[in-house]
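With the structure open in your viewer, please follow the stops below in order, making each selection before reading on.

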Amino acid sequence: MTPATRTRRVALAGNPNTGKTTIFNQLTGHRGRVGNYAGVTVERKTAPIRSMTHPAELIDLPGMYSISARSPDEMVAVDVLLGNRREDPEPPDVLLIVADASNLERNLFLATQLMEAGIPFALLLNMTDVAAANGIGLDADKLSGRIGAPVFPVVGNRGEGIEPVRRWLDREALPSSAPAPPVEFPAAFDEALALLVEKAAALDLPSPDRSPFLLRRALLETGGMAERRLVRDGGGPMEEALGEARAHLAGAGINPVTLEAKARYTSIRSLLADVLTRPRERRETTSDRIDRYLLHPVLGLAVFLAVMLVVFQMIYSWSAPAMDGIETAFGLLGQWVEGVMPEGPLTSFLTGGVIAGVGGVLVFLPQILALFLFISILEDCGYMARAAFLADRLFSRLGMSGRSFIPLLSSFACAIPGIMATRTIGDPRSRLATMMLAPLMSCSARLPVYTLMIAAFVPPATVGGVLNLQGIVLLLMYLVGPAVAVVMALIFRKTLFKGPKPTFLMELPPYRLPLPRVVGGRLVDRAGAFVKKAGTVILAVSLLVWAATYYPRPDDVAAQVGAAYAESIEAAPNEQEAAALEAERDQAIASAYVRQSFLGRAGHFIEPAVAPLGWDWRIGMAVVASFPAREVVVATLGVIFESDGDEGSADLQGKLQSAQWEDGRPLFTLPVAFSIMVFFALCAQCAATLAVIGRETNSWRWPVFSFAYMTALAWIGAFITYQLLRLFLG
Amino acid sequence: MAANLSELKKGERGIVHDLSGEAELIQRLLELGLTDGEEVEVLRFAPLGDPIEIRIRGYNLSLRRHEARAVLLEPTP
């Protein structure tokens with residue numbers, strides 16, 4: 001064995017849809033470790049390359065079309081190549097550039113940009129089988145001679161051609177310098193760049209800033225990220241140097257906007273002359289044939305609706321048994337702990353806090369897994385782009401794109417996977433807008449609230465002979481969220497996400513079969529990220545709310561309530577009745593404790609704020625207690641109104657129907673029931689959703705904003721509902 | 001005769017002559033290969049008429065009519 005040498009660092013880069021992930025898996029033998037680059041939501045994936053004599057680590061760069069750093073993905077990629085990130089403090093030793101062999105011309109745009117980074121590289125032509133099937137001929141040796149670096153034809157999904165790449169990376173010595181970049185720029189550009197490099201060398205700059213690669217990017221992208229960083233670090237003298245270099249370009253009559261693309265695509269043409277041969281008449285590919293049906297104006301829409309129906313069913317119904325199973329299991333676990341442990345704070349902490357909290361995190365997993373299984377398959381096979389193409393028109397006016405459709409649709413089942421699914425939206429403003437609107441879709445956690453209120457207060461009358469009034473009300477509740485979301489989208493577009501209409505330029509990649517290993521790997525990553533990051537927040541909030549409902553706990557409350565029952569229990573004619581009375585007493589004690597808990601006091605405190613909605617302090621408190629999750633309100637109402645039933649129980653419904661204000665008026669009237677439902681339709685009472693927004697945006701501002709604006713909406717909506725209904729119903 | 005890409009009908013082809021519009025849009029269109037002299041073909045429209053799917057440099061790209069208007073075509077004889 002060779003003495004311990006430094007691990008070789010290999011970066012993998014390429015366009016989206018080039019099968020980069022597949023090649024990553026083939027080279028490393030497993031999925032790799034997924035983390036985030038500090039401060040941005042760009043994934044950092046690394047793994048050791050398998051069976052190497054010289055240990056090497058593979059770093060997967062985000063897929064992109066150009067390194068003109070506009071998005072966080074592209075900025076991270078440039079920084080990794082410069083060795084300018086905390087996670088990657090040195091430039092990689094070698095760069096593997098992946099290009100789609102069936103779409104080589106456009107792929108070489110990014111590839112030639114990467115070849116200018118000054119890092120030794122090899123070019124991997126992936127999916128050569130598809131290219132061959134399309135009648136495209138490729139001469140890898142000739143191309144290799146022209147770019148001065150190895151070119152490997154590979155078929156990533158079958159693992160063909162991977163071994164030579166691995167052997168090349170495992171050679172005794174890696175190339176120490178990059179070949180001369182293949183793209184010819186006009187002489188004036190090279191002069192301007194030389195001038196800029198010279199000036200920068202004389203300035204006191206951090207070393208990555210002196211890199212000719214960064215200076216080249218600054219010169220090519222007017223007003224881009226590279227320029228901003230250089231000016232930030234180099235100040236006035238740097239600005240001056242850039243101005244001089246630009247003046248030199250202008251003097252030679254060069255248009256800086258078109259310069260790069262023209263030079264690159266012209267050079268790419270000559271690089272590919274006699275290397276790439278296309279059939280004289282373009283053959284209809286399998287993808288073209290599939291698209292004739294899937295993008296057909298009628299048939300295509302039918303398939304689209306069918307696919308969406310399956311997605312929805314999958315997260316809404318198919319994951320229900322698993323969710324019920326998890327809930328039941330945690331319920332049983334709680335009961336068991338209650339049974340074997342003495343009554344007291346520790347038991348309550350375990351059952352009401354820890355077990356309920358962990359259960360509350362894990363219960364979302366089936367939906368997250370179901371949705372991501374589907375999204376992964378749709379994304380990898382190429383249909384996701386088609387779905388976005390078909391649906392785009394509906395969203396473009398709202399400042400979003402067709403990419404928002406699936407995240408919003410999934411949010412009808414649960415906003416958590418929906419928000420996690422916004423990762424497929426490229427434009428950051430559209431992505432944020434979608435995240436802000438997703439929690440307004442009527443998720444399944446609202447259903448228990450609607451069920452309880454409708455069953456208790458809406459008469460099961462028939463309207464127009466066929467329609468059930470309860471059903472109509474339920475449908476209305478489902479429509480409230482989306483209707484408000486449309487209005488909010490328009491408002492956001494004019495305020496928060498103001499700016500030019502986001503562009504929608506999207507490749508429709510060829511269809512291909514998704515690889516189970518790639519899909520499975522992504523599922524595990526997503527689930528792990530949710531449990532680790534969002535899970536801790538959800539658990540913490542659950543514990544906090546538990547403590548606020550449990551404490552303070554003076555002994556005399558139980559004694560007082562107990563004393564009131566003691567006589568009648570004593571006097572009970574038989575054991576059955578005594579047992580019933582004891583159960584009633586225990587509920588009364590639980591209720592008394594909750595009323596005087598910190599949360600109960602909070603309920604009194606906020607009563608003035610919820611009075612205009614028709615609520616008393618008890619409803620207000622139940623709503624506050626449901627901050628961890630909306631459906632918790634049902635259980636809290638149960639505790640407060642001394643019933644242990646769920647939303648379907650006649651006992652709880654009866655208790656609510658007979659609840660009164662202190663002066664004897666009924667508490668829950670039809671306007672109050674509606675005001676509660678509308679509040680829950682619009683509020684952000686879901687710690688898990690807020691935690692996921694925090695994780696996905698990498699900031700606390702967005703979850704705080706979501707909570708604030710949705711709570712305001714919910715209050716206003718409930719206020720209008722209550723006051724209007726009171727007016728009409730008297 | 002179509003002056004820009006948004007005016008082509010399904011199945012029609014044109015040659016890119018120039019791009020006009022915001023610098024960022026132009027830059028992105030250029031990066032994706034819509035340089036002058038290139039042939040574009042309109043493959044289809046989405047069911048609601050927008051966006052458009054085109055073929056350029058051997059691959060399929062979708063863009064909205066608004067963006068297609070930025071792609072000026074060479075006058076055909």
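## The interface

In this predicted model, begin by showing chain A and chain B together: about 3400 Å² of area is buried between chain B and chain A, and carbon and sulfur atoms give 56% of that area. Next select B:E31, B:R57 and B:R64, which supply 22% of the area that chain B buries against chain A, more than any other three residues. If you select the whole contact, you should have 33 residues from chain B and 39 residues from chain A.

Keep B:R57 in view and add A:E105, because a side-chain nitrogen of Arg within 4 Å of a carboxyl oxygen of Glu counts as a salt bridge, and here the closest N and O atoms of B:R57 and A:E105 are 2.6 Å apart. Across the interface of chain B and chain A there are five salt bridges, while the residue pairs in polar contact between chain B and chain A, both at pLDDT 80 or more, number 13. Which elements of chain B each supply at least two residues of the side that touches chain A? They are α1 (23-31), β2 (39-45), β3 (52-56) and β4 (59-63), and α1(B) gives the most to that side, with nine residues.

## Salt bridges within chain A

Now hide chain B and select A:D88 and A:R9, whose side chains meet in a salt bridge at 2.8 Å, N to O. A:D88 lies in the loop between α2 (72-82) and β5 (94-100) of chain A, whereas A:R9 lies in strand β1 (residues 8-14), so the pair ties together parts that are 79 residues apart in sequence. Both A:D88 and A:R9 are buried.

Move to A:R85 and A:E87, where the side chains meet in a salt bridge at 3.5 Å, N to O. Are these two residues buried or partly exposed? A:R85 counts as buried at 16% relative accessibility, while A:E87, at 23%, counts as partly exposed.

The next selection is A:D129 with A:R158, a salt bridge in which the closest N and O atoms are 2.9 Å apart. A:D129 sits in helix α4 (residues 128-133) and A:R158 in the loop between β8 (151-153) and α6 (162-169) of chain A, so this pair ties together parts that are 29 residues apart in sequence.

For a network of salt bridges, select A:E116, A:R216, A:R217, A:E221, A:E260 and A:R264.

## A nonpolar patch

Finally, select A:W715, A:I716, A:F719, A:I720, A:L724, A:L727, A:F728 and A:L729, which form a nonpolar patch on the surface with about 810 Å² of accessible area together; A:L729 is found in helix α31 (residues 701-729) of chain A.

Definitions and conventions. Residues numbered from 1 in each chain as written. Chains lettered and ligands numbered in written order. Predicted model: local features only at pLDDT ≥ 70, side-chain atom pairs only at ≥ 80, totals over all residues. Heavy atoms only, no water. Helix = DSSP H or I, 4+ residues; strand = E, 2+ residues; numbered from the N terminus. Buried < 20%, exposed > 50% of the residue type's maximum accessible area, 1.4 Å probe, protein only. Patch = residues over 30% accessible without salt bridge, like charges linked within 9 Å, V, L, I, M, F, W, Y side chains within 5 Å. Areas by Shrake-Rupley, 256 points an atom, 1.4 Å probe, with all protein chains shown as cover. Contact = heavy atoms within 4.5 Å. Buried area = accessible area lost by both parts, 1.4 Å probe. Polar contact = N/O pair within 3.5 Å; in protein donor to acceptor, adjacent residues only side chain to side chain.
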